[in-house]
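Student: Got a minute to go through this one with me? I'd like to start with the helices and then get to the sheet.

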Amino acid sequence: MFNHTAEQLDANLLSDDRIDFQQYWTTIRNYQWRILSLAIVFTILSALIVLSVTPRYQATASLLIEAEQAKVMSIEEVYGLDSNRKEYFQTQFEILRSNQIAERVIDKLDLLNDPRMMRTNNTSLLGQGKSLINEGKTLVKSWLPFLPQKQKVEKTPEQIFQARKMALLASFSANLTISPVKNTQVVNISFESESADLSASVANAVADVYIESYLQAKFNMTSKATTWLNDSLQGLREKLDGAEKRLADFYEKEQLVNIDGVVGLASEELQSLSEQLLDAQNSLKQSALVFEEINSRAGDIETLSRLSVVQNHPSIQNLKRSEITAQSRISELSRVYGPKHYRMIAANAELESIQNNLLTQLRTIIGGIAGDYENTYKNARNKVLDLQAEVDSAKARYRRLTTLDNKRRALQREVDINQQLYNSFFTRLKETSELGGFESANARILDPANPPAKAAKPKKTLIVGAAFVLSLGLGVFLALALEALNSGIRSVEDVERKLAQRMLGIIPWQAHKRKKGLPLRHYFDTKHHTFSESMRTIRTNLLLLNVDNDSRVILVASSVPKEGKTTVSVNLAFSLGQLGKTLIIDADLRRPTLAKQFGFPGFQPGLANIIAGTHEDEECIMTDEYSAVDVLPAGSLPPNPQELLASETFKNLIGKLRKQYKHIIIDTAPTQAVSDAMVISEVTDSLLYVVKADSTSAKTINNGLSRFLQVGHRVDGVVLNQVDLKKAKKTGDYAGFYDPYGYQSHAMESKSS
């Protein structure tokens, strides 16, 4: 049961993310007259303001800016033209907006003394804003004399003139608009003022001054470039002459003709000597090895005979072959004759003679080889030493020649660089001199500005219409915002959408004294039958919901105090008491109220006394004679109420009372304050959650509901208390909940009577 309820709550909460247009439309309908009133007031105010604004005229001149200019020669560096078209045009637009162009136009048209321009300056938004700020400051300081007062400073005529000029310049820039036409080289120059003629004159003057400014800047740049090139050319000529003289002096001093060939020969010589030295060193290593081996093994004929130079000697090889032949003959004869046969004796004598001769030859050859390799070793060593000296000498010559060549290359590079710079500057000087008198504008006027016949501002119809639409939208936004800020529960839809719970019933608001609350037996008052019927509806819904279950013990809970939880508990007990024996228990052992409401004495024992074992059930349960409902008050306030409610004694008590009563109503403490209600829920069958209409936030209520879900207890439904039916009739929040029975309309009639 718990898992199913939790999943249903999550699904309903997720569904809140969807946009509910019906809810928005209902909110707008509820606020429709206030929204419309706000829109009408704003529209009337906007119309009055628009009608009081002085009309302003705007004239526009079209200017074509050429990106590719007619050039006689390549002189981009002189004029500083940007190859990037986008950056170039953006630069020209900024020049058109610059203060330099504005000042020239002001001087050309003498706008400082033009009354039309001064009137435009005074009535512009900028002028009006500054005037209002200054007047406001003066007024505030006059009201508060303790503030530091601005000392009046006398200005010179020049300062006054500059101040007027700066103010006019700011107004001029504010009224001038430069707007390029997309995907073209055309730019529109617009000026706005109260005079149609002045607007056209200024727009045309800006275009003319821009073209003149470009031509003047080009002429000045050409003149400066010519002067700078002349000065730079003289210095470059001196640098070139100095570099050439240093190179000539170097050749003269070192007596060089073709140093590249000399360096090449030296390189080849060094490479050849290095190769010879390497070969000589290899020969020396081989001779040294043989020589050292013979000297170290002197007298060891057997070891020395294994040397390759000995083994490869022709005499030794002949004797070796003779020895092998003799050994083969002895081997053959031994198969036929015995060792004392004369042939065997002759063959052995021959082998011995050959071996003695081989030994003699080895000694002779080894002695000769020792002498030869000693001479070879000495000659190879001397050759290596001679070649090493020649290589060192060649290296020294090559290093010297390389140093000379590097110095010569550095001097030659200096000459080449200075020659290139000189030639380049000389070419630019000739080009600049040729173009000195050539002037071509980068722009021309396509369409001059004409005085407009119709004012550009204000667009009265558009402004009034926009004011109505915007104010209407503002009203809708404020209505939705106010609705969104209200986090309380006010309708059946809120209970289902925000709380994901079913509505068991609503209790209409009843007139009562604020501190005393409703009378105890308000349920039985025939004048308030709407209240009584609402309690019966809750009773019926609760019983039908648990028709298949023996739901005897009913827990009534709420999130916070003052939501009417105790009132619902008492009146629900009254309604259930009409169907069978009913008991109401005050389980709020912290702030009990039932004993006081029923008029019991303060020392009356109750639930806490029974659990503590100090009193019996019969001593604590009281009967209300008017309603025939039994009441078990809280009794003496214990120091540990939650421990008492969680005890086995309390569970046994509820089990015992189940057998005696058909219905048991338990009134508990609020869930946000303590956890007593969760503890008691373990022994109850049904759970009613009381919510005060349009008061407690949905977040707080959901927190309380989730605590019951966490302990695995189902919430049967929500009772919405203290509902204003008169307000609900206007908003339609409870349409269909009471209307079919006529309760709501009847309640209105009773209230009006």
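**Helices and sheet**

Tutor: Sure. This is a predicted model. The axes of helix 2 (residues 21-30) and helix 3 (residues 32-52) cross at roughly 65 degrees and come within 4 Å.

Student: So how are helix 2 and helix 3 oriented to each other, roughly parallel or roughly perpendicular?

Tutor: Angles of 65 to 115 degrees count as roughly perpendicular, so helix 2 and helix 3 are roughly perpendicular to each other.

Student: And which residues meet there?

Tutor: From helix 2 you have I28, R29 and N30, and they meet Q32, R34 and I35 in helix 3.

Student: OK, switching to the sheet. What's the strand order?

Tutor: It's an open sheet of 4 strands, ordered 2-3-1-4, with antiparallel pairing. Strand 2 (176-180) and strand 4 (443-447) are at the edges with a single partner strand each, so one side of each has no neighbour in the sheet. From one strand to the next, the twist averages 30 degrees.

Student: How many bridges join strand 1 to strand 3?

Tutor: 8 bridges, between residues 57-65 and residues 186-193. For instance, T60 has S190 in strand 3 as its bridge partner.

Student: Which helix lies across strand 2 and strand 3?

Tutor: Helix 9 (residues 157-175), running at about 35 degrees to strand 2.

Student: Which of the helix 9 residues are buried?

Tutor: K165, L168, L169, S171, F172 and N175. Those residues span an arc of only 165 degrees around the axis, so they sit on the same side of helix 9.

Note on methods:
Residues numbered from 1 in each chain as written. Predicted model: local features only at pLDDT ≥ 70, side-chain atom pairs only at ≥ 80, totals over all residues. Heavy atoms only, no water. Pairing = 2+ DSSP bridges. Helix = DSSP H or I, 4+ residues; strand = E, 2+ residues; numbered from the N terminus. Axes fitted to C-alpha atoms, helices over the stretch in contact; angles between N-to-C directions. Contact = heavy atoms within 4.5 Å. Buried < 20%, exposed > 50% of the residue type's maximum accessible area, 1.4 Å probe, protein only. Arc of directions from axis to C-beta. Parallel < 35°, antiparallel > 145°, perpendicular 65-115°, else oblique.
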